[in-house]
Amino acid sequence: SDLFRFGPPAPAARGTQRAPAMLLLALLLLVPPVLPGAVEVTRPRGVSLSAHHFYDPSRPFTCLDGSATVDFAWVNDDYCDCRDGSDEPGTAACPNGRFHCTNAGYRPRDIPAAHVNDGVCDCCDGTDEYESGVTCENTCRERGRREREQQQQRARVAREGFGLRQRLAREA
């Protein structure tokens, strides 16, 4: 077929081939690529990726400590229904609750739920201040970069020390 030919089209087809080719190119540029195996995981705010399977919106939610089962609509509704606070991972409703900071580019971390929307940016990605009115700068990538540089420097020093130790042992 002429669509898969390389080089310029035949003179008679020059005007008819350009429009479909340009349309195909435009469509390819507009449609985002889908990677094989890439799946978006939806989860309530404050839930880690490793715990997302406990939070299935199609089923009632059972507290992680087993103390109660509530309608999923009650998850993150700003009222503490579970003794362990697991129904409120994204609010400060439970005194013993935990909020998960994903902190992409740096280290994930869990903070006390009482620190959510308190006006202080505890997560380097700012996700803990989603309704406080405070704007948090996302510093995760920079923190991660600095930490990786420090780790590389420590590894260089350790390699140099190991080499020096080997040399001294050979000389002894």
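Is N103 buried or exposed? N103 is buried, with a relative accessible area of 2%. The legends below cover this residue and other close-ups of a predicted model.

**View 1. The overall chain runs α-β-β-β-β-α along the sequence.**
This predicted model holds two helices and four strands. The chain has 172 residues, and 23% of them are buried. Among contacts with a separation of 6 or more, 22% link residues 24 or more positions apart. Six salt bridges occur in the structure.

**View 2. N103 sits in the loop between β3 and β4 with a positive phi.**
Strand β4 spans 109-112. The phi of N103 is about 50°, although N103 is not a glycine. N103 counts as buried because its relative accessible area, 2%, is under the 20% cut-off.

**View 3. D78 also has a positive phi, and it lies in the loop between β2 and β3.**
The phi of D78 is about 70°. D78 is not a glycine either. At 54% relative accessibility, D78 counts as exposed. The cut-off for exposed is over 50%, so D78 falls in that class.

**View 4. Nine residues form the largest nonpolar core.**
The members are V47, A51, Y55, F61, C63, V70, F72, V75 and C82. A second core, separate from this one, has five residues. Among them are F99, I111, V116 and C123.

**View 5. F61, a member of the largest nonpolar core, with its contacts beyond four places in sequence.**
Which residues does F61 contact, once neighbours within four places in sequence are left aside? F54 and Y55 come before F61 in the numbering. A68, T69, V70, D71, F72 and V75 are also in contact with F61. C82, S86 and D87 complete the list. Several of these partners belong to the largest core as well, including Y55, V70, F72, V75 and C82.

**View 6. W74 lies in the loop between β2 and β3.**
Strand β2 covers residues 69-70. W74 is partly exposed, at 43% relative accessibility. That value lies between the 20% and 50% cut-offs, which means that W74 is neither buried nor exposed. Leaving aside neighbours within four places in sequence, W74 is in contact with D81, D87 and E88. D87 is also a contact of F61. W74 and F61 are 13 residues apart in sequence. Their C-alpha atoms are 8.3 Å apart in space.

**View 7. The second largest pocket holds about 220 Å³ of space.**
Its lining has 16 residues. Closest to the pocket centre are G46, Y55, L64, P89 and R98. Of these, Y55 is also part of the largest nonpolar core. Which strand gives the largest share of the lining? Strand β3, residues 98-101, supplies three residues. By class, the lining has six nonpolar, seven polar and three charged residues.

**View 8. R145 and E142 form a salt bridge within helix α2.**
Helix α2 spans residues 140-171. The N to O distance between the R145 and E142 side chains is 2.3 Å. The two residues are three apart in sequence, about one turn of the helix. R145 is partly exposed, with a relative accessible area of 35%. E142 is partly exposed too, at 35% relative accessibility. Side chains of opposite charge can pair when their charged atoms come close.

**View 9. E142 also meets R146 in a salt bridge.**
Here the N to O distance is 3.6 Å. R146 and E142 are four residues apart in helix α2, so about one helical turn separates them. R146 is partly exposed, with a relative accessible area of 40%.

**View 10. R145 also pairs with E149 in a salt bridge.**
The N to O distance is 2.4 Å. R145 and E149 both lie in helix α2, four residues apart, about one turn of the helix. E149 counts as partly exposed, at 40% relative accessibility. Which residues do the shared partners join into one network? The salt bridges link E142, R145, R146 and E149.

How values were computed:
Residues are numbered from 1 along each chain as its sequence is written. This is a predicted model: local features need pLDDT of at least 70, side-chain atom pairs count only at pLDDT 80 or more; totals for chains, interfaces and linings use all residues. Side-chain values use heavy atoms; hydrogens and water are left out. A nonpolar core is a set of buried Ala, Val, Leu, Ile, Met, Phe, Trp, Tyr and Cys residues joined through side-chain atoms within 4.5 Å. Buried means under 20% relative accessible area, exposed over 50%, partly exposed in between (1.4 Å probe, protein chains only). Contact means heavy atoms within 4.5 Å. On a 1 Å grid over the protein atoms alone, a cavity is a set of points where a 1.4 Å probe fits but cannot get out, and a pocket is an open set with protein on both sides within 12 Å along at least five of seven lines; lining residues have an atom within 4 Å of a point. Grid points are joined across faces, edges and corners, and a volume is the space filled by probe spheres set on the points. Ala, Val, Leu, Ile, Met, Phe, Trp, Tyr, Cys and Pro count as nonpolar, Asp, Glu, Lys and Arg as charged, and the others, Gly among them, as polar. A salt bridge is a side-chain nitrogen of Lys or Arg within 4 Å of a carboxyl oxygen of Asp or Glu.
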